[in-house]
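Work through the exercises below with the coordinates open, and try each task before reading its solution.

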Amino acid sequence: MDEPLRNCEIRLIIKPADAPADSSRLIPARVLHRTFTSVLNALKSADAELHGRKHRSEFFISNLAMSSNILEMREHARTNGSAVELLRNVAGSVYRSEFGRATEYRKLAQSIVSLGKAIDPAYPAVAVFETDVIPFDEFFARQAERLGKAMSPDSLKSRFHVGGVLGSFDGTLGNIDYRGTTWVGHLVLPGGGAQIECVFDRSKGEDAFNPYGNKRVTVRGRAIYTGDSQLPERMEVFSVEEVPLAREASDIRGSLEGKRFLGAINIGNTNIQ
């Protein structure tokens, strides 16, 4: 099931949170039922946002892999407008704290709130679309809960920024957990030890990130701010670059006078030439 998807298709992958990538462990039927039903209901709500009753799409199971917990659905639309594409846009907006866009589609937004409530943190899912990958995990469940609060007439404005911002952070990258549907690590920031949860692109393979474990790095990507803190709660990592550490003291003698001295400084042995 690694074939590219079209904008009318969605691939759901459900795995135990502690299962390695190649695991074929079974998942409870209740988990499959709740995940599939909530996603299908969200697709139907997206369809209702786009089409009148006589022009609603039909949704089919286009692929189902035994013992791999992967299934694909395909939309057969009777008219213009893709419910799968609308679900991708709105679910992606919720995931990245762009709640204003999501609330423009009330029926679909309410279905996404229900989807968040159906997520079992022990068995997270990931939704793969033609141009995006959205984890339906514990973080998404919290985002869906925040969406529900944002839809309330008496919702309060957050003190801190809410939304997704492209940027970079420096820190020490902790061990990356390659289990489950989403690869997760934590960037420990200098100073007080605050952490930012990072998610990594599985398609790049483990070898793309292994060299950076427990090292000082610059992480670049999309930082997702939830309004609960001045720091982002999660970061979608696009790239990682190691920050080189200075191995010897710099010789600054004469720098203010435009002069340069030959010789070496050996601070450890107090041998200055």
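The exercises that follow concern pockets and a sheet in this predicted model.

**Exercise 1.** Describe the largest pocket by its volume and its lining.

Solution. Begin with the volume, which comes to about 920 Å³. Next, collect the lining, which consists of 34 residues, with Val128, Val133, Asp201, Arg202 and Ser203 lying nearest the centre of the pocket. Then assign the lining to strands: β1 (9–14), β4 (125–128), β5 (133–136), β8 (195–200) and β10 (234–242) each supply at least two residues, and the largest share, 3 residues, is that of β10. Finally, sort the lining by class, which gives 18 nonpolar, 5 polar and 11 charged residues.

**Exercise 2.** Which element gives the most to the lining of the second largest pocket?

Solution. This pocket holds about 430 Å³ of space, and among the 14 residues that line it, Arg146, Lys149, Leu156, Ser158 and Thr226 are the closest to its centre. Helix α5 (residues 138–150) gives the most, with 5 residues. By class, the lining divides into 4 nonpolar, 4 polar and 6 charged residues.

**Exercise 3.** Trace the strand order of the open sheet of 5 strands, and place helix α2 on this sheet.

Solution. The order reads β2-β3-β1-β4-β5, with antiparallel pairing, and β2 (58–65) and β5 are the edge strands, each pairing on one side only. From one strand to the next, the twist averages 20°. At the β2 edge, β2 pairs with β3 (residues 70–76) in the antiparallel sense over 7 bridges, and Glu58 has His76 of β3 as its bridge partner. Helix α2 (residues 83–95) packs on the sheet, where it touches β1, β2, β3 and β5, and its direction makes about 65° with that of β5.

Methods. Residues numbered from 1 in each chain as written. Predicted model: local features only at pLDDT ≥ 70, side-chain atom pairs only at ≥ 80, totals over all residues. Heavy atoms only, no water. 1 Å grid on protein atoms, 1.4 Å probe; cavity = no way out; pocket = protein on both sides within 12 Å on 5 of 7 lines; lining within 4 Å. Points joined across faces, edges and corners; volume = space filled by probe spheres on them. Helix = DSSP H or I, 4+ residues; strand = E, 2+ residues; numbered from the N terminus. Nonpolar A, V, L, I, M, F, W, Y, C, P; charged D, E, K, R; others polar. Pairing = 2+ DSSP bridges. Axes fitted to C-alpha atoms, helices over the stretch in contact; angles between N-to-C directions. Contact = heavy atoms within 4.5 Å.
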